[in-house]
Amino acid sequence: MFGTLRNLLRPAAREAPAEPLSPEDAYRRERQRLLDAQQAARQDLARGVRPTTHRRGAAASPRVSIVIPSITPQKFAAVTASFEATFAGIDHEVVGIHDAASMCEACNRGVREARGDIVVFAHDDIELAAPDFAARLLDRLEDADVVGIAGTTRLVGPAWASSGPPHLHGQVGYRAGEQRIEVVIFGLDAPLRADAQALDGCFLAVRRHVLEDVSFDAAAFTGWHLYDVDFTFSAWLAAHRVAVAADLLLIHQSRGQYDAAWKQAAAAFTAKHRAALPPQGTLTPVRVQGLAMESIDEWRLVTERLTGGGSTC
């Protein structure tokens, strides 16, 4: 009896912690997860399954202002048409800035002209791919103050993607034909990651109260780079909720470049935020995942499967 009692009181043996995966093994495991999701999505489409359309609740939609800096009439017309179609039925306005001195100056001027409770800042070469983009965005903003389509939960320097996985989240598409879309996937594990520190600026949606507290730093960033990382990181430092919405689905026409002007902005960013950044170590090249989607519906189904978004929408 006492022997049995002694055995019951003996601490249970602890399992040895699992060995962390090497970066290469982690990459291969994530690659397989993405390929499995794509295969399942294609099988669903073949059986007639279609993506879930997100429906908002009964809450009234806020007024949305969409600020678009652009010097190219054709691009401005195309992106405006994309927003008009997607935001049909929602109180919104498009504010074009056609003579900006810099991105920060354009965004700050757009804020002054905008009348919305939500202010969106968008490049002029994007396309809103999913028909329920607006409904998803407004619901994501119920749980966040600043929302983007890609970003990091651990900023280590001016290039937000330098943190690498598992800190990167979101995705962005690029046209590769009439229907085909090449999707760069930084990380897809939830519809919303509300613990982000910095975001990519091809698309940002910001609640008005944040813009009353944090502005775009036109003094430090006089060109066209890093206005976005600086603004979103500053918002995070000011305790605003910065988030990546991985299920919005946006197509971008340009991939950006790290030229001399970017390096100049990077030096300004590092000088401004040095005390808030982790010690700079040796940065290794970041490998991000990618998938070639044959249609928007395939992309939507893959995203649903990887984020769990289909069951909650």
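Modeller: Strands here are DSSP runs of E of at least two residues, and helices are runs of H or I of at least four, both numbered from the N terminus; two strands pair if DSSP finds at least two bridges between them. The model is predicted, with local features needing pLDDT of at least 70 and side-chain atom pairs pLDDT 80 or more, while totals for chains, interfaces and linings use all residues. Residues are numbered from 1 along each chain as its sequence is written, and side-chain values use heavy atoms, without hydrogens or water.

Biologist: In what order do the strands of the open sheet of seven stand?

Modeller: The pairing in this open sheet is mixed. Read across its seven strands, the order is S2-S1-S3-S11-S5-S12-S9.

Biologist: Why is one side of S2 and of S9 left without a neighbour in the sheet?

Modeller: Strand S2 (92-97) and strand S9 (192-193) stand at the edges of the sheet. One side of each is left without a neighbour because each has a single partner strand.

Biologist: Which residue in S11 is the bridge partner of Ala-122?

Modeller: Strand S3 (residues 118-122) and strand S11 (residues 203-207) run antiparallel and are joined by five bridges. Within S11, the bridge partner of Ala-122 is Phe-203.

Biologist: What angle does the direction of H4 make with that of S2?

Modeller: Helix H4 (residues 103-113) packs on the sheet, touching S1, S2 and S3, where contact means heavy atoms within 4.5 Å. Axes are lines fitted to C-alpha atoms, for helices over the stretch in contact, with angles from 0 to 180 degrees between N-to-C directions. For H4 and S2 the angle is about 145°.

Biologist: Which element gives the most to the lining of the largest pocket?

Modeller: A pocket is an open set of points on a 1 Å grid over the protein atoms alone, where a 1.4 Å probe fits and protein lies on both sides within 12 Å along at least five of seven lines; lining residues have an atom within 4 Å of a point. The largest pocket is lined by 41 residues, with His-123, His-252, Arg-255, Gly-256 and Gln-257 nearest its centre. Two or more lining residues come from each of strand S7 (168-175), strand S8 (181-187) and helix H7 (227-237). With three residues, the element giving the most is H7.

Biologist: Which element gives the most to the lining of the second largest pocket?

Modeller: Among the 31 residues that line the second largest pocket, Ala-26, Gly-164, Pro-165, Pro-166 and Arg-287 are closest to its centre. Helix H2 (23-46), S7 and S8 each give two or more residues to this lining. Six residues come from the element that gives the most, H2.
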